[in-house]
Amino acid sequence: MTSARRKSYGVKGAPYAFLFPATILFALFFALPIGYAVWLSFRKVHVSGLGLGSGARKEVWAGLENYTDALTDSELLHGTLRVLGYGLIVIPVMLGLALLFALMLDSDKVRLAPFTRLAIFLPYAIPGVVAALLWGFLYLPDVSPFYYVLEKLHMPQPNLLDGGPLYVALSNIAVWGGTGFNMIVIYTSLQAIPAEVYEAAKLDGATPLQIALKIKIPMVAPSLVLTFFFSIIATLQVFNEPTTLKPLTNSVSTTWSPLMKVYRDAFGTGDIYQAAAEAVIIALATLVMSFGFLRAANRRQKQEAAR
């Protein structure tokens, strides 16, 4: 083989050499665990007799039994409904505030923009467990400074850790922590809009409100779709907030959200096969909802582009 051919093979193989470490890591820490979870979801433990002895408990093929049990489990269904109600509060409020803050920071009249941008983004840098502990402290009537002020002012003191207000309390933690990230995504898209577009609109007599509604928001629609997509996934996978607040109230059960039920079944009751089936169902539901939303968004963009 000539040196020229060796050099040619070396150049062609260079991309694969650079991809090889990432491929190994992807296979070991992403693809392999997913495959193992899918495998476990089709298995179960068969107990013979009293379950004593070396051969009394063995792993056997279960087929779709774990999936049937999961889909007919009322606890998983109720947890899903709770998460959907939680998402109906979190997603509109969080994305609405993110869009509002991004539009305000993009205004020519805003002052201290770098400081304001950092202040809005800073809660996102705080770990979710720490944020939940912080807000949990503020929700407790016995230690919260807010309840102390309300008591001194002789104002009602609602219990945010019980009943319907619990959804507001959990949603507040998510909104407080996630608004900054979504704001940065939308604000970055606003900064990419050419200044000539704004100048042309001003020459036509457009007001700042009209520019925001008819130019800025339509042009950052892809970013809004992206943030909505991420928000759906985060909502379906909510775990940190209710788990952290659980010791503070009896209103949060061990199966409050679908992922909490997966954790309870895997590490509480020790049924990893049922937990694996539930995890696969949650992953498939997330995939279907995300794919459906992205497909609908792409179809609408194509229709608007064809007009």
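**View 1. Glu-278, a buried residue of helix α13.** Glu-278 is buried, with a relative accessible area of 0% in this predicted model. The residue is found in helix α13. Leaving aside neighbours within four places in sequence, Glu-278 is in contact with Ala-70, Asp-73, Leu-76, Lys-261, Val-262 and Asp-265. Gly-128 serves as a distance marker: its C-alpha atom and that of Glu-278 are separated by 24 Å, and the two residues are 150 apart along the chain.

**View 2. The salt bridge between Glu-278 and Lys-261.** The closest N and O atoms of this pair are 2.7 Å apart. Because Glu-278 lies in helix α13 (residues 272-306) and Lys-261 in helix α12, the salt bridge ties together parts that are 17 residues apart in sequence. Both partners are buried.

**View 3. The salt bridge between Glu-75 and Arg-264.** The two side chains meet with an N to O distance of 2.9 Å. The pair links distant parts of the chain, since Glu-75 belongs to helix α3 and Arg-264 to helix α12 (residues 258-268), 189 residues apart. Glu-75 is partly exposed, with a relative accessible area of 32%. Arg-264 is also partly exposed, at 22%.

**View 4. Arg-264, Asp-265 and the salt-bridge network.** Arg-264 forms a salt bridge with Asp-265 as well, and here the closest N and O atoms are 3.0 Å apart. Asp-265 is buried, its relative accessible area being 5%. Through salt bridges that share partners, Asp-73, Glu-75, Lys-261, Arg-264, Asp-265 and Glu-278 are joined into one network. A search of the whole structure finds 7 salt bridges.

**View 5. Glu-241, a buried acidic side chain without a salt bridge.** Glu-241 lies in helix α11 (residues 240-245). Side chains of opposite charge can pair when their charged atoms come close. For Glu-241, the nearest side chain of opposite charge is that of Arg-82, 13 Å away, and Glu-241 has no salt bridge although buried. Which residues does Glu-241 contact, leaving aside neighbours within four places in sequence? They are Ala-132, Leu-170 and Ile-173.

**View 6. Ile-173 and the largest nonpolar core.** Beyond four places in sequence, Ile-173 touches Ala-131, Ala-132, Trp-135, Tyr-139, Glu-241 and Leu-245. The largest nonpolar core has 25 residues, of which Tyr-86, Val-90, Tyr-139, Leu-166, Leu-170, Ile-173 and Trp-256 touch the most other members. Two or more residues of this core come from each of α3 (74-105), α5 (128-139), α7 (165-191) and α10 (221-236). Another core lies apart from this one; it has 17 residues, among them Leu-99, Met-183, Ala-212 and Val-220.

**View 7. A nonpolar surface patch that includes Phe-29.** Phe-20, Ile-24, Leu-25, Leu-28, Phe-29 and Leu-32 make a nonpolar patch of about 650 Å² on the surface. Phe-29 is found in helix α1 (residues 3-41). How much relative accessible area does Phe-29 have? The value is 62%, and Phe-29 is exposed.

Terms used. Residues are numbered from 1 along each chain as its sequence is written. This is a predicted model: local features need pLDDT of at least 70, side-chain atom pairs count only at pLDDT 80 or more; totals for chains, interfaces and linings use all residues. Side-chain values use heavy atoms; hydrogens and water are left out. A nonpolar core is a set of buried Ala, Val, Leu, Ile, Met, Phe, Trp, Tyr and Cys residues joined through side-chain atoms within 4.5 Å. Buried means under 20% relative accessible area, exposed over 50%, partly exposed in between (1.4 Å probe, protein chains only). Helices (H or I, at least four residues) and strands (E, at least two) are DSSP runs, numbered from the N terminus. Contact means heavy atoms within 4.5 Å. A salt bridge is a side-chain nitrogen of Lys or Arg within 4 Å of a carboxyl oxygen of Asp or Glu. Patches are made of residues with over 30% relative accessible area and no salt bridge: like charges are joined within 9 Å, nonpolar side chains (Val, Leu, Ile, Met, Phe, Trp, Tyr) within 5 Å. Accessible areas come from the Shrake-Rupley method with a 1.4 Å probe; for residues, only the protein chains shown count as cover. Lys and Arg count as positive and Asp and Glu as negative; His and the chain ends are not counted.
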